[in-house]
Amino acid sequence: MGALGLDSVVSEARTAFESGKTRGFEWRKFQLEALLRLLQEKEDEMCKVLKQDLGKHRVEAYRDEVGALIKTLDNALLNLKKWMSPEPVSLPLIAIPTVAEIVPEPLGVVLVFSSWNFPLGIALEPLIGAIASGNAAVLKPSELAPATSDLLASEVPKYLDSEAIKVIQGGPQVAEQLLELKWDKIFFTGSARVGRIVMTAAAKHLTPVTLELGGKCPAIFDSLKSTRDKKVAIERVAGGKWGSCLGQACIGIDYLLVEEKYAATLVELLKEVIKKFFSNSEHLARIVNKHHFQRLCDLLQVQSVAASIVHGGSVNPEKLFIEPTILLDPPLDAEIMTEEIFGPLLPIITLKKIEDSVKFIRARPKPLVIYGFTNDEKLRKRIIEETSSGCIVFNDALIQYMCDTIPFGGVGQSGFGQYHGKFSFDNFSNRKPVARRSFILELSFRYPPWNAKKFQL
Ligand code: NAD
């Protein structure tokens, strides 16, 4: 589709928005129900394309994408009326007699760009928010998950209002053409590099943006005393590193921080759990494409990095598979420690004292999430008070993604703007304050001419 073609698709969405139809409760409810039906009726096809694009096992595809979206839709449908209702505001005495409320209004026509790693989830999760808030929307799925992109482009128009909700397929060229148009909001999930391009283009039209960017999420692993806590924690670390899209997850654990004296034990425990969970590689996802496969291989090929491998390291170019790999103290200036890994390589960085993890994290860009595995209240408090990140989770990983009451988003280099649940609704709304005064009471001191009598008041 040329730029002119894109223009007319987008103006059709604008006409639909301007008609006012997307604003009503019934329209929003109908679209959300239709999306729910789409997920339920096409579950098989969706799991199939996720297998095709990323090798995701059906259980993983359902848990992380189809099922997670159904949960989001159920929640949105349950709360839609409440979210749309004006919110009363309490006012200071000085304003009496006034009433005020916040009336959420849709923004208009919004653009959603999504990434390839959760090509269904990260495309539809924001779209649910955009629809719930009464917007018209254009979704551009990632070209790097082509089967999922095709499925969205063919199925979404069959279920949803195709005048107001559009799916446009394509890569950077199409994306750049879309960015030239005027939007009322751009919601972008992807890399910081493209995030900058998006923000620059948005500035031209003063379009507000939400940027959901990269992670490099550290996990602090304290030496837990109880055998059971230790076992559960190790399993959760393994799940948080390799269990979701083979580590190609923005909120996946990027690297571990641990005390020197505990590192050898930790490596052994991780090896055991890798054997237990991931012996059958068919249950694990694949690296998305040759380019990313090579990028990950290159990280490992630096001599000093290769020398730090203590488990795994084997790669299969035909299957685009890299086995769960552990590295002990790779150089901190190597790319594996300066860039987001986004794959199944787990560096373990040793520290003299676990408290040093706070300084370590503070010396680097603000991550999307900090994970802390600890029962030490003092350490927990320090992590909360002395670090900055999009989110902190203690004693588990990834679980926050499933909780609609936890706002999802980054800070600093990991992005800005939050969504999920009601936060998605707010993200795509203008929370418009409406104040109404009565004419009954009037205080003359607010107007000139000023005189001593007025000041004494
Ligand atoms: P990406 O930035 O390459 O692509 C994201 C989107 O931007 C795609 O739709 C793509 O088509 C589009 N795009 C690519 N080049 C463009 C250009 N020149 N101009 C305009 N648009 C362009 O990111 P990706 O590789 O798809 O995803 C991986 C990144 O996304 C990682 O950094 C990961 O951490 C991040 N991510 C973040 C979250 C989050 O919620 N914070 C979730 C998933 C992934």
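Trainee: Which helices each supply at least two residues of the shell around the ligand?
Mentor: Those are α7 (172–180) and α8 (192–205), with helices being DSSP H or I runs of at least four residues, strands E runs of at least two, both numbered from the N terminus. This is a predicted model, where local features need pLDDT of at least 70 and side-chain atom pairs pLDDT 80 or more, while totals for chains, interfaces and linings use all residues. Residues are numbered from 1 along each chain as its sequence is written.

Trainee: Where does the largest share of that shell come from?
Mentor: From α7, with 4 residues.

Trainee: And how many residues surround the ligand?
Mentor: 30 (C-beta, placed from the backbone, within 6 Å of it), and Ser115, Ala175, Gly190, Gly214 and Cys250 are the closest. By type, the shell splits into 13 nonpolar, 12 polar and 5 charged residues. Ala, Val, Leu, Ile, Met, Phe, Trp, Tyr, Cys and Pro count as nonpolar, Asp, Glu, Lys and Arg as charged, the others, Gly among them, as polar.

Trainee: Changing topic, how many residues are in the largest nonpolar core?
Mentor: 119, and the ones with the most contacts inside it are Val110, Val112, Ala137, Val237, Leu256 and Tyr371. Such a core joins buried Ala, Val, Leu, Ile, Met, Phe, Trp, Tyr and Cys through C-beta atoms within 7 Å. Helix α5 (residues 121–132) gives this core its largest share, 8 residues.

Trainee: What is Ala137 in contact with, sequence neighbours aside?
Mentor: Leaving out those within four places in sequence, Val110, Val112, Leu127, Ala130, Ile131 and Ile165. Contact means backbone-placed C-beta atoms within 7 Å.

Trainee: What about backbone oddities, say the phi of Leu320?
Mentor: Near 50°, which is positive in a residue other than glycine. Leu320 is in the loop between β11 (315–316) and β12 (321–322). Phe342 also has a positive phi, near 55°, and is in the loop between α13 (335–338) and β14 (345–351).

Trainee: Is Phe342 buried or exposed?
Mentor: Buried, because it has 25 C-beta neighbours inside 10 Å; the cut-off is 20 or more for buried, 12 or fewer for exposed, and partly exposed in between. Leu320 has 19, so it counts as partly exposed.

Trainee: Which residues does the cis bond with omega near -5° link?
Mentor: Ile96 and Pro97, and Pro97 is in the loop between β1 (87–89) and β2 (98–106). Another cis bond joins Pro448 and Pro449, with omega about 0°. Pro449 is in the loop between β18 (429–437) and α17 (452–456).

Terms used: Two residues are in contact if their C-beta atoms, placed from the backbone, lie within 7 Å.
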